[in-house]
Every structure is written in structure tokens, then in C-alpha cells.
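Here is a quick tour for someone who likes to have the geometry spelled out. Have the viewer open and follow along.

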Amino acid sequence: MPLIDTHLHSLISYDGKDHRADLARTAAQLGIQALCFTDHYELVQDKAGLSAPWDWTETRKEHQAALALKDLPVELLYGIEIGNAHENPECARLALSEPGLDFAIGSIHFATPKLNREDHYFVSFTSAQQCRLYLDDYLTAIEEMVLWDGYDSVGHIPYPLRYMRERDGVEIGLTDFEDRLRYILSMVAKNGKAIEVNSCRSQNLMAEYGWLLGLFREEGGEYVTVGTDSHCCAHMGKGLAESNALLEANGFRYLTLFRRRKPCPIKL
Ligand SMILES: [Zn+2]
Ligand SMILES: [Zn+2]
């Protein structure tokens with residue numbers, strides 16, 4: 001069974017803790033065969049507007065230090081997690097022109113301007129009605145991001161449920177939005193892109209991922225990436241094997257790794 005983590009943050013991310021070299025060493029100890037580093041680049045800034053172009057200088061240094069490790073039995077890939085990229089496509093395009101880039105996760109962390117671009121992390125969720133308003137808005141942003149098309153894999157689709165359900169205890173799921181999700185997943189499939197199973201921080205959301213994988217397959221989806229979304233060595237590897245099993249249970253025979261922005265199927 002392959003152990004491949006395609007979503008990982010180093011201290012390049014504002015919320016990351018460890019050096020890429022230390023994450024790579026930990027991966028080797030855990031028997032992980034490939035890692036793709038995907039530090040954050042948010043293309044919008046809360047209520048303050050759009051972000052400035054991404055400066056890769058520090059990321060390159062960090063990555064080179066990890067690549068310089070001798071005899072490391074782990075393939076190290078060079079990725080990025082771009083947030084709300086469709087709202088700032090020029091800066092996104094510039095960031096994605098980085099030579100040697102392997103992979104871009106397209107994520108939505110912020111609500112649309114209609115809901116003041118609030119980060120779901122900072123919203124206090126108190127009722128199903130309020131959650132539905134935010135989920136409706138979130139899916140609008142995902143639809144726009146998917147139509148923008150510059151990403152490789154859609155990151156953590158059930159993301160707001162981390163806060164609505166797991167943290168704030170509101171009973172809400174994605175199944176009320178099946179039609180909209182089918183449309184999103186059909187566009188992802190049609191464009192030859194991937195969706196992600198985010199394994200570590202969403203272990204209580206595995207049923208949600210199973211349901212999404214079923215829909216994605218029905219809509220012709222082929223490519224699924226698996227990532228822990230770890231922000232430190234201590235969380236590495238969590239849920240990778242369970243995510244692989246979930247893929248298999250939903251009829252996928254491969255997981256996907258992107259090299260130089262091309263999907264590479266890895267047999268489960
Ligand atoms: Zn994210
Ligand atoms: Zn992340």
C-alpha cells in the first residue's frame with residue numbers, strides 16, 4: 001500500500017512549525033514514500049483586498065535544504081496551496097509559473113466578499129441556518145475556483161465542516177447540496193483535475209469524504225490526491241492508510257501524485 005502525502009505545511013506557512021528537512025526525515029521514519037510540500041499562499045487578504053505577488057525565495061531555500069539530505073528514501077515534491085486563487089488570477093498565474101513546480105492545491109478558506117471574506121476559522125457557528133448560508137457561499141467560491149481551472153486538486157472540500165460540526169457542534173452535512181456538488185465534481189472530472197481526501201485534520205469527516213468520492217466517481221472522476229495537511233512533524237502520516245482504504249472502498253484503484261503538474265497514478 002503506497003503511503004504518499006501530498007498536502008503538508010512547513011514553517012514557510014504562517015501556521016507551520018517545522019523545517020522541510022525535518023519533515024522529510026520524519027517521513028522516512030514513518031515509511032512515507034513521497035511528500036509534496038504545499039505551503040500556503042492566500043490570494044486574498046481578509047477584508048483588506050488582494051495579496052501581493054508570492055515571493056518564492058525562502059521556499060526555495062527551505063526546499064533545497066531538504067533536497068540536500070543524503071540517502072533519503074522519500075521523493076520530495078514542490079507544491080503550493082493557493083487560497084481563493086480565482087479572485088486574484090494574475091498573482092496566481094505568476095506564482096504558478098515557478099520553475100519545477102509539481103503541484104497546486106486549490107483551496108477556499110475565505111468566504112466571498114458577500115460575506116465579508118470572513119475566514120471560516122474565525123466564524124462562530126451557532127445554527128444550521130447560519131451554516132447553510134456559509135456553505136452556500138463556500139460552494140459558490142468553489143464553483144468559481146473550479147471554473148478558473150488553474151489548480152491541480154481541490155483541497156479539503158468539507159473544510160467548513162471542521163469548524164461548523166467538529167468544533168462548534170452544529171449538526172450539518174454536505175448532502176443537502178448534492179446537486180451543486182455534482183456540478184462541481186463533474187467540472188473537476190471533465191477538466192482532468194483531482195479532488196483531495198484530507199486525512200489528518202478531518203478524521204471525523206471520513207464519511208463525508210466517502211460520499212464525495214462516490215459522487216466523483218459517478219461523475220467520471222479519476223484522480224484523487226491524499227494529504228494529511230500536517231503543520232508539524234507530530235501529525236505526519238495520520239490517516240493516510242485509512243484514506244487509501246476509503247478510495248478502494250469507493251472503487252478507485254489508484255491514488256494520484258502530481259509531478260511537474262501532471263497526474264501520475266499510483267496503484268493502491
Ligand atoms: Zn487549507
Ligand atoms: Zn493546508
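## The hairpin

How many residues lie between β10 and β11, and which residue in the turn has a positive phi? There are 2 residues between the strands of this hairpin, and Arg-260 is the one in the turn with a positive phi, at about 50°. Keep in mind that the model is predicted, so every value here is computed from predicted coordinates.

The hairpin's two strands are β10, covering residues 254-259, and β11, covering residues 262-267. They run antiparallel to each other and are joined over 6 bridges. If you want one pair to click on, take Phe-258, whose bridge partner in β11 is Pro-263.

## The parallel sheet

Next up is an open sheet of 7 strands, paired in the parallel sense. Reading across, the order is β1-β2-β5-β6-β7-β8-β9. The edges belong to β1 (4-5) and β9 (223-227); each has a single partner strand, so one side of each has no neighbour in the sheet.

At the β1 edge, the pairing with β2 (residues 34-42) is parallel and spans 2 bridges. Ile-4 sits opposite Ala-34 of β2 there. As for β2 itself, 7 of its 9 residues are buried, so the rest of the structure largely encloses this strand.

## Helix α6 and its two partners

Helix α6 (residues 178-190) packs against α7 (residues 206-218) at about 55°, and the axes are 9 Å apart. Why call that pair oblique? Because the angle falls outside the roughly parallel (under 35 degrees), roughly perpendicular (65 to 115) and roughly antiparallel (over 145) ranges, and the rest count as oblique. The crossing is right-handed. On the α6 side, the contact uses Leu-181, Arg-182, Leu-185 and Ala-189, while α7 brings Leu-212, Leu-215 and Phe-216. By class that gives 6 nonpolar residues, 1 charged and no polar ones.

The other partner is α4 (residues 128-148), which packs on α6 at about 15° with the axes 10 Å apart. That angle makes α4 roughly parallel to α6. Here the crossing is left-handed. From α4, the contact takes in Leu-139, Ile-142, Glu-143, Val-146 and Leu-147; from α6 come Arg-180, Ile-184, Met-187 and Val-188. The tally for this contact is 7 nonpolar, 2 charged and no polar residues.

## A look at Glu-166

Last stop: Glu-166, which is part of helix α5 (residues 159-167). Is this residue buried, exposed or partly exposed? Glu-166 has 15 other C-beta atoms within 10 Å. Burial takes 20 or more and exposure 12 or fewer, with partly exposed in between, so Glu-166 counts as partly exposed.

Setting aside neighbours within four places in sequence, Glu-166 is in contact with Leu-161 and Asn-204. For a distance to check in your viewer, try Glu-166 to Asp-229: these residues are 63 apart along the chain, and their C-alpha atoms are separated by 16 Å.

Methods:
Residues numbered from 1 in each chain as written. Chains lettered and ligands numbered in written order. Predicted model: local features only at pLDDT ≥ 70, side-chain atom pairs only at ≥ 80, totals over all residues. Pairing = 2+ DSSP bridges. Helix = DSSP H or I, 4+ residues; strand = E, 2+ residues; numbered from the N terminus. Axes fitted to C-alpha atoms, helices over the stretch in contact; angles between N-to-C directions. Left-handed = near helix turned anticlockwise from the far one by under 90°. Contact = placed C-beta atoms within 7 Å. Nonpolar A, V, L, I, M, F, W, Y, C, P; charged D, E, K, R; others polar.
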